[in-house]
Amino acid sequence: MRLFVSEGAPGCLPVLAAAGRARGRAELLISTVGPEDCVVPFLTRPKVPVLQLDSGNYLFSTSAICRYFFLLSGWEQDDLTNQWLEWEATELQPALSAALYYLVVQGKKGEDVLGSVRRALTHIDHSLSRQNCPFLAGETESLADIVLWGALYPLLQDPAYLPEELSALHSWFQTLSTQEPCQRAAETVLKQQGVLALRPYLQKQPQPSPAEGRAVTNEPEEEELATLSEEEIAMAVTAWEKGLESLPPLRPQQNPVLPVTGERNVLITSALPYVNNVPHLGNIIGCVLSADVFARYSRLRQWNTLYLCGTDEYGTATETKAMEEGLTPQEICDKYHIIHADIYRWFNISFDTFGRTTTPQQTKITQDIFQRLLTRGFVLQDTVEQLRCEHCARFLADRFVEGVCPFCGYEEARGDQCDKCGKLINAVELKKPQCKVCRSCPVVQSTHHLFLDLPKLEKRLEEWLGRTLPGSDWTPNARFITRSWLRDGLKPRCITRDLKWGTPVPLEGFEDKVFYVWFDATIGYLSITANYTDQWERWWKNPEQVDLYQFMAKDNVPFHGIVFPCSALGAEDNYTLVSHLIATEYLNYEDGKFSKSRGVGVFGDMAQDTGIPADIWRFYLLYIRPEGQDSAFSWTDLLLKNNSELLNNLGNFINRAGMFVSKFFGGYVPEMVLTPDDQRLLAHVTLELQHYHQLLEKVRIRDALRSILTISRHGNQYIQVNEPWKRIKGSEADRQRAGTVTGLAVNIAALLSVMLQPYMPTVSATIQAQLQLPPPACSILLTNFLCTLPAGHQIGTVSPLFQKLENDQIESLRQRFGGGQLEETFDLKAKTSPKPTVIETVTTAGPQQIQALMDEVTKQGNIVRELKAQKADKNQVAAEVAKLLDLKKQLAVAEGKPPEAPKGKKKK
Amino acid sequence: MAAAAELSLLEKSLGLSKGNKYSAQGERQIPVLQTNNGPSLTGLTTIAAHLVKQANKEYLLGSTAEEKAIVQQWLEYRVTQIDGHSSKNDIHTLLKDLNSYLEDKVYLTGYNFTLADILLYYGLHRFIRLTQPPQPPATTTLINEEPLTWRQNPPPARRLTS
């Protein structure tokens, strides 16, 4: 037989590694062909490697060739191997070829490459660690290992692409890479040039398209039913029988919560929302809601927990907003702080304290940290040229200047970027600059600013990260972002601004300046704690006893992973630094982005008007939590998940269990005589409960929610198979069996109510009231499944927990809140439409003008919608759409916002 | 055809009496079979091969090393190429390749009917229905202008001495 290979074809790796198996059984010749040679006569597209068999047949699939070599050596096919190879061909390969193409042909790096394969890598890692075997299909190395190793080797041989937290994958990969056949195949194919050796081949390949929608997915990883040992079953039964008496006494509530020596002290923060924006669902899931689930879980574990958050109130945007609304900055903050607090209260967020950053404590602590940094030589002074408007008597932030673009001559270029040519502009280079507020011409002035000397602190930071990261639960994206900042080298960062609304800088010559928000916003956590208790330092200067978890979206990682730790390390005051930095990816809205200016998406204050209860919102947002990858909010999916998971699965099970007790046993939990089948169920539930704990301890919130649904699925199946409603009418033995099944089911429902508490606190309390669950069992969750509703326990009145969501209800909500698709077509058409009629730019935007513009936008929006509904002429629609967009732009300008926020950046 | 329906049809044609229940996973609706004793199985061809073994018809997976590898190669082709592509162009190329491969063959492995034939038949079925109105009986419907040999009067499956 003859093997055709090609320089740099990745498929040659597994094939060569497997070829050794066939040695001595058949003669193997190897021919090298070009990457575009068609070896197989019946295939239109070139394909290598190819094995031509002595019969004349061709094997053109890499796995099939490897399989053939293994079959020749006497190996027998099995289901598990088939499953791995099918997964490799359908899931891993598309992701991997995209990643290799980005890396080798397009020269992309880091997350751009890793992002497409992370899910697949995690799948392998989980499978390996779950089955507890060193190899994919058992105790010995086999076909599946070789095929997957060969596919992954080009990427993973670079340690940058083998995430260290995937430890099972790590050791599997190392084991195989050191084996002789694999080593030799790697040398032959990669020729010690690393992944670049694949370039000649990959260049000739079409760009792989990552399968549609693959990047954004809300689907869970599959759950496998584990096999149970007799021992596990026996342990589960013993724990169950002990029941309520194994519960420890409830911790007394403290106020204020302070660290206790010898206990686990958990300090939880959620990124401080910026005060002048109403948060949208993406903001809510990213920090406050995620942190809330963990805080509630932490309390269920009886850990000593403090959860805090507050509004971030200083900065330019607040000043502008105040001007718009004709209020003082303080009044604006007071107003919006209440709006925020109300939204979070509605979402049932269990803050121990929800504070704000505009307090004397903030000034005191920020200035203290600054003084310590200054004394220790970590603050630099430098001169910066900046535009100053004499009329407004202030320095202008970039986005408050407009002028002629120095590159293309466009008249309305913004101070940071030209909308026409797209180039980035340094505001002082603008020709004919104008102050956006008063339209007078600003002048260039040099001004002194203070810089945090990050390069000088870099070494301390690295030492600290080296101690903190291993074994911690920092999310992969947080590790990655922090590492890439360090790799590029830290630069001095400006920490002052020419503003009035901020923390004053306590230094001569800086009286009219304040600290830049990103220097003092993270200090907000400390000052908020200080306003909560005068003993705040027991939390914040106590790194030995306090475990600090910080929740945020990934754009906030640099401030929490780099800047604040540097400030705190430089201040040398024994500050508590973050132990676990938990960052989410982004949540999209119906395949687009949330956009306040375009009126797209659901914002915190609107969620309450939908008629959908807060717990349903919590459930769905947590179900699609962008954990590990971006995800998308979709109305249809919300309906689907509510109706299938909550109504048909969870709600149905809990309701049935309770109803059987009421209807068949007069509201008293019946006697339970466990059969071996019931004992197995106990053990399965226990295993799933332990899995839930493992996941939540690692803050894998979305995955842990799946465990709850899995248990209730087990429960439904159990009821379905045992049919207590039939047995209750049967013989004495049948009736006893009906009792056991009902009793066990209602106890599972009780367990679910506690597991559900972090996710859906109101539903949890409702179930517990319906079942009359004894108080200690409501607030403590152990790692074992206990019988908390013993025979004879009387339950309360049972009623349905969830309501069905109807299609037309959801459809009308979707229309009310806008859909991404609709907006995208707007944008596309606007680009091809003729230049819209220019309406005089509003120079001074008072609240009345803004209101007038808003009305016009609404009116124009209706016109467009009507035209679309009538299926009017395309050009006509495009012209009206263009008008609408122009109006929206004016409105944005009037509101002092850039028309469209740049993608993925946050103004901080 | 949804994968679950396809697997149920396969069960019937294999003579398996008790129908399995399948769940679907992910956006591509990959079938999952929950087996009684042991972990679940995921993936169309994985489950199909499992069913064949359950029905004691291993010969449908090929009898020599070469045949076994060829069967698996075409099963992989089914899930990656036939299910993976949907543009007209891709389908045309794919049908042309298959046609040229089958020019001198009765079945995908040559002369023996295997699981690969069954799953490719199911997989190609949707293209046939798309290109031709459903009047002629399925067995004589043409996929393309040129008939595929393996679709013309297939001889009955023969059992090999294994």
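This briefing covers sheets, the chain interface, cavities and a pocket in a two-chain model. The model is predicted. Chain B contacts chain A through 37 of its residues, which meet 36 residues of chain A. A search of the whole structure finds 4 cavities of 30 Å³ or more. The largest cavity has residues of both chains nearest its centre, among them Arg67(A) and Gln72(B).

**Four-stranded sheet of chain A**

- Four strands of chain A form an open sheet in the order β2-β1-β3-β4. The pairing is mixed.
- The edge strands are β2 (29-33) and β4 (58-59) of chain A. Each has a single partner strand, so one side of each is left without a neighbour in the sheet.
- β1 (residues 2-6) and β3 (residues 50-52) of chain A run antiparallel and share 3 bridges. Within this pair, Leu3(A) has Leu51(A) as its bridge partner.
- Helix α2 (residues 62-72) of chain A lies across β1, β3 and β4 of chain A. The helix runs at about 50° to β3(A).

**Strands β8, β13 and β14 of chain A**

- β8 (residues 379-389) and β13 (residues 443-452) of chain A are antiparallel, joined by 10 bridges.
- One of the residues bridged in this pair is Glu385(A), whose partner in β13(A) is Ser446(A).
- β13(A) also pairs with β14 (residues 493-494) of chain A. This pairing is antiparallel too, with 2 bridges.
- Leu452(A) finds its bridge partner in β14(A) at Arg493(A).

**Three-stranded sheet of chain B**

- Chain B has an open sheet of 3 strands, ordered β1-β2-β3, with antiparallel pairing.
- β1 (22-25) and β3 (41-42) of chain B stand at the edges. Each has a single partner strand, so one side of each lacks a neighbour in the sheet.
- β1(B) and β2 (residues 30-33) of chain B are linked by 4 bridges. In this pair, Ile30(B) of β2(B) is the bridge partner of Gln25(B).
- α2(B) packs on the sheet and touches β1, β2 and β3 of chain B. The direction of α2(B) makes about 40° with that of β2(B).

**Interface between chains A and B**

- The two chains bury about 3100 Å² between them. Carbon and sulfur atoms account for 50% of that area.
- On chain B, Glu27(B), Glu66(B) and Gln73(B) supply 18% of the area that this chain buries against chain A. No other three residues supply more.

**Largest cavity**

- The largest cavity holds about 150 Å³ of space.
- Its lining has 16 residues. Arg67(A), Leu85(A), Glu86(A), Gln72(B) and Glu76(B) lie nearest the centre.
- Four helices give two or more residues each to the lining: α2 and α3 (79-105) of chain A, and α2 (44-54) and α3 (65-82) of chain B.
- α3(B) provides the largest share of this lining, with 5 residues.
- By class, the lining of the largest cavity has 6 nonpolar, 7 polar and 3 charged residues.

**Second largest cavity**

- The second largest cavity holds about 120 Å³ of space.
- 13 residues line the second largest cavity. Closest to its centre are Leu751(A), Val754(A), Ile780(A), Leu781(A) and Thr788(A).
- Helix α26 (residues 732-755) of chain A gives the largest share of this lining, 3 residues.
- The lining of the second largest cavity comprises 11 nonpolar and 2 polar residues, with no charged residues.

**Second largest pocket**

- The second largest pocket has a volume of about 550 Å³.
- 23 residues line the second largest pocket. Nearest its centre are Arg251(A), Gln253(A), Arg299(A), Leu300(A) and Trp303(A).
- At least two lining residues come from each of α10 (281-300), β6 (304-311), α27 (761-771) and α28 (775-779) of chain A.
- α27(A) gives the most to this lining, with 4 residues.
- The lining of the second largest pocket divides into 9 nonpolar, 10 polar and 4 charged residues.

Notes:
Residues numbered from 1 in each chain as written. Chains lettered and ligands numbered in written order. Predicted model: local features only at pLDDT ≥ 70, side-chain atom pairs only at ≥ 80, totals over all residues. Heavy atoms only, no water. Pairing = 2+ DSSP bridges. Contact = heavy atoms within 4.5 Å. Axes fitted to C-alpha atoms, helices over the stretch in contact; angles between N-to-C directions. 1 Å grid on protein atoms, 1.4 Å probe; cavity = no way out; pocket = protein on both sides within 12 Å on 5 of 7 lines; lining within 4 Å. Points joined across faces, edges and corners; volume = space filled by probe spheres on them. Nonpolar A, V, L, I, M, F, W, Y, C, P; charged D, E, K, R; others polar. Buried area = accessible area lost by both parts, 1.4 Å probe.
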